[in-house]
Protein chains: 2
Amino acid sequence: MSIRNPKQALYEQFAIVAKALGHPLRLEMIEHLAQGARSVEALAAKLGQPVANISQHLQALRRAGIVSAERDGKFVHYSLADASVLSAFAAVRGVAERRLAEVDRIVRGYFDARDDMRPVTRDELQALMRDGLVTLIDVRPTDEFALGHVPGAINVPLSEIKAWSSRAGAGMEVVAYCRGPWCVMSFEAVAALRSLGHSARRLEDGMPEWRAAGLPVEVAA
Amino acid sequence: MSIRNPKQALYEQFAIVAKALGHPLRLEMIEHLAQGARSVEALAAKLGQPVANISQHLQALRRAGIVSAERDGKFVHYSLADASVLSAFAAVRGVAERRLAEVDRIVRGYFDARDDMRPVTRDELQALMRDGLVTLIDVRPTDEFALGHVPGAINVPLSEIKAWSSRAGAGMEVVAYCRGPWCVMSFEAVAALRSLGHSARRLEDGMPEWRAAGLPVEVAA
DNA sequence: CCGTCCTTCAATAGAGTAATTGAATGACGG
DNA sequence: CCGTCATTCAATTACTCTATTGAAGGACGG
């Protein structure tokens with residue numbers, strides 16, 4: 001079994017990549033790393049997992065060429081190795097969205113209850129922003145916002161939505177985004193804002209996709 | 001552990017799809033099913049595997065929404081459930097090609113030895129065909145050719161390359177294609193044709209990608 | 001309606017994978 | 001150069017996946 005023909009050898013390599021994507025925790029790690037580079041410890045804290053566990057999954061992702069590591073003093077910073085990783089994630093997600101009834105059930109049961117409107121596309125958002133018609137809020141935690149956000153967006157983490165709303169006054173047109181297309185926070189934000197009297201919609205997906213589309217990104221000073 | 005938040009529930013679904021792609025045999029099954037629908041038995045014969053094994057892997061692929069089944073009398077015909085499956089396969093392959101050193105090693109060691117020229121793109125092929133400058137050969141087995149091929153292509157299975165070459169005479173400009181970008185047969189065909197005095201190149205990828213690009217497909221009567 | 005044939009299921013053994021724990025490595029700061 | 005701290009490794013246990021085998025469904029043809 002150790003000598004293989006080249007076709008099988010290649011397929012084994014492709015399978016290594018797919019297998020590395022085949023764990024929910026690793027997918028969540030990829031979503032977080034798509035926001036920006038993270039140390040093992042920081043990632044473990046974000047995910048509420050033991051450090052050793054995250055470290056081992058990071059090794060698996062590295063063996064599959066999905067993440068790359070860079071040592072910086074005591075810390076090792078991991079980041080996505082290639083933009084093609086996001087395409088692969090999106091493609092897998094696309095199959096699941098189109099074909100798995102359970103995905104449909106989850107979307108209907110949770111997400112549609114919070115926002116069943118068509119999300120705003122990137123193009124639409126750019127037009128709305130240009131004309132000053134909407135306020136764009138980034139509902140991710142402050143550290144993720146600092147690593148890169150849509151130009152003109154203001155950072156309103158989910159926990160501060162209510163306070164921000166009362167400061168800003170009612171009746172605003174708001175567009176919210178966060179980590180990606182099914183990131184829970186922007187759905188929660190939209191639901192909260194609507195109940196507070198605003199007209200709120202979501203951006204079609206999050207920061208990593210914005211960046212991948214080649215659009216400008218603003219980084220905190 | 002049975003109650004999950006919706007984010008984790010979604011990621012579990014995405015992981016089911018990725019996990020189903022995470023086995024070399026299942027990837028090979030997908031490549032074959034991309035040529036056209038197959039019964040369990042036919043697929044098992046193509047892959048040289050026991051029927052029960054193939055049946056179980058097909059169940060796994062079906063649970064992941066990757067293939068769909070249709071009963072026709074005694075036979076159950078499986079086919080790819082959605083065009084997005086090919087995108088997902090291609091995206092995973094892209095990560096592996098870009099990031100895994102082992103893929104590079106295999107390509108250099110086997111494929112480049114048979115054809116290190118830049119393959120012909122689909123656009124280039126269409127122009128060459130229009131002007132009658134090349135002969136296009138489909139080196140897949142006859143049954144796969146019959147299920148759909150590039151218009152104007154002639155079917156020359158790999159085993160018949162030599163006989164065809166002597167019938168056709170030397171010095172021809174030939175373009176060859178088969179099942180996909182790393183399908184071994186077109187590499188072997190190009191190497192054989194060159195050693196027989198022809199000017200041979202490969203098409204950039206195979207029949208499924210041609211079809212997915214929305215180009216016309218010819219089906220045997 | 002009974003035999004045949006394609007496919008699926010059930011049960012098993014063996015291999016691989018996941019999470020946990022505690023120890024080891026490797027770099028920095030005093 | 002020694003202690004500290006981030007990360008990785010090693011070892012354990014539990015779990016899941018893979019391949020094989022033989023038996024059970026399910027549909028057709030006589």
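Residues are classed here as nonpolar (Ala, Val, Leu, Ile, Met, Phe, Trp, Tyr, Cys and Pro), as charged (Asp, Glu, Lys and Arg) or as polar, a class that takes in the others, Gly among them. The structure described below is a predicted model. By this classification, the protein surface near DNA strand D holds eight nonpolar, nine polar and five charged residues.

The surroundings of DNA strand D were examined in more detail. Of the 22 residues around this strand, A:Ser39, A:Glu41, A:Ser55, A:Tyr78 and B:His57 come nearest. Sugar and phosphate make up 83% of those atoms of DNA strand D that come within 4 Å of the protein. Several elements contribute to this surface. At least two residues each are supplied by α3 (40-47), α4 (51-63) and β3 (75-80) of chain A, and by α4 (51-63) of chain B. The largest share, five residues, belongs to α4(A).

Polar contacts to phosphate oxygens of DNA strand D involve residues of both chains. In chain A, a polar backbone atom of A:Glu41 lies 2.7 Å from a phosphate oxygen. In chain B, an N or O atom in the side chain of B:His57 is 2.5 Å from a phosphate oxygen of the strand, and for the side chain of B:Asn53 the corresponding distance is 3.5 Å.

Chain A also contains a sheet. Its three strands are arranged in the order β1-β3-β2, and the sheet is open, with antiparallel pairing. The edge strands, β1 (38-39) and β2 (67-72), each pair on one side only. Two bridges connect β1(A) with β3(A), and these strands run antiparallel; here A:Arg38 has A:Tyr78 of β3(A) as its bridge partner. A:Tyr78 is also one of the residues that come nearest to DNA strand D. On the other side, β2(A) pairs with β3(A) in the antiparallel sense over six bridges. Within this pairing, A:Ser68 is matched with A:Ser79 of β3(A), and A:Asp72 with A:Phe75 of β3(A). The two strands form a hairpin with two residues between them, and A:Gly73 in the turn has a positive phi of about 65°. In a regular strand, side chains alternate between the two faces of the sheet.

The association of the two protein chains was considered next. The size of an interface is often expressed as the accessible area lost when the parts come together. Between chain B and chain A, the buried area is about 4300 Å², and carbon and sulfur atoms give 76% of it. In chain B, the residues that lose the most area to chain A are B:Lys7, B:Tyr11 and B:Phe14, which together account for 16% of what that side buries. In terms of contacts, 50 residues of chain B meet 50 residues of chain A.

One residue of chain A illustrates these contacts. A:Gln13 is located in helix α1 (residues 6-21) of chain A. It counts as buried because its relative accessibility is 12%, and the cut-off for burial is under 20%. Leaving aside residues up to four places away in sequence, A:Gln13 touches B:Ala96, B:Leu100, B:Glu102, B:Val103 and B:Ile106.

Burial was also examined along a helix of chain B. Helix α2 (residues 24-33) of this chain is mostly covered, with nine of its ten residues buried. The buried residues of α2(B) include the charged residues B:Arg26, B:Glu28 and B:Glu31, and also B:Leu25, B:Leu27, B:Met29, B:Ile30, B:His32 and B:Leu33.

Technical notes: Residues numbered from 1 in each chain as written. Chains lettered and ligands numbered in written order. Predicted model: local features only at pLDDT ≥ 70, side-chain atom pairs only at ≥ 80, totals over all residues. Heavy atoms only, no water. Near = heavy atom within 4 Å. Polar contact = N/O pair within 3.5 Å; in protein donor to acceptor, adjacent residues only side chain to side chain. Helix = DSSP H or I, 4+ residues; strand = E, 2+ residues; numbered from the N terminus. Pairing = 2+ DSSP bridges. Buried < 20%, exposed > 50% of the residue type's maximum accessible area, 1.4 Å probe, protein only. Contact = heavy atoms within 4.5 Å. Buried area = accessible area lost by both parts, 1.4 Å probe.
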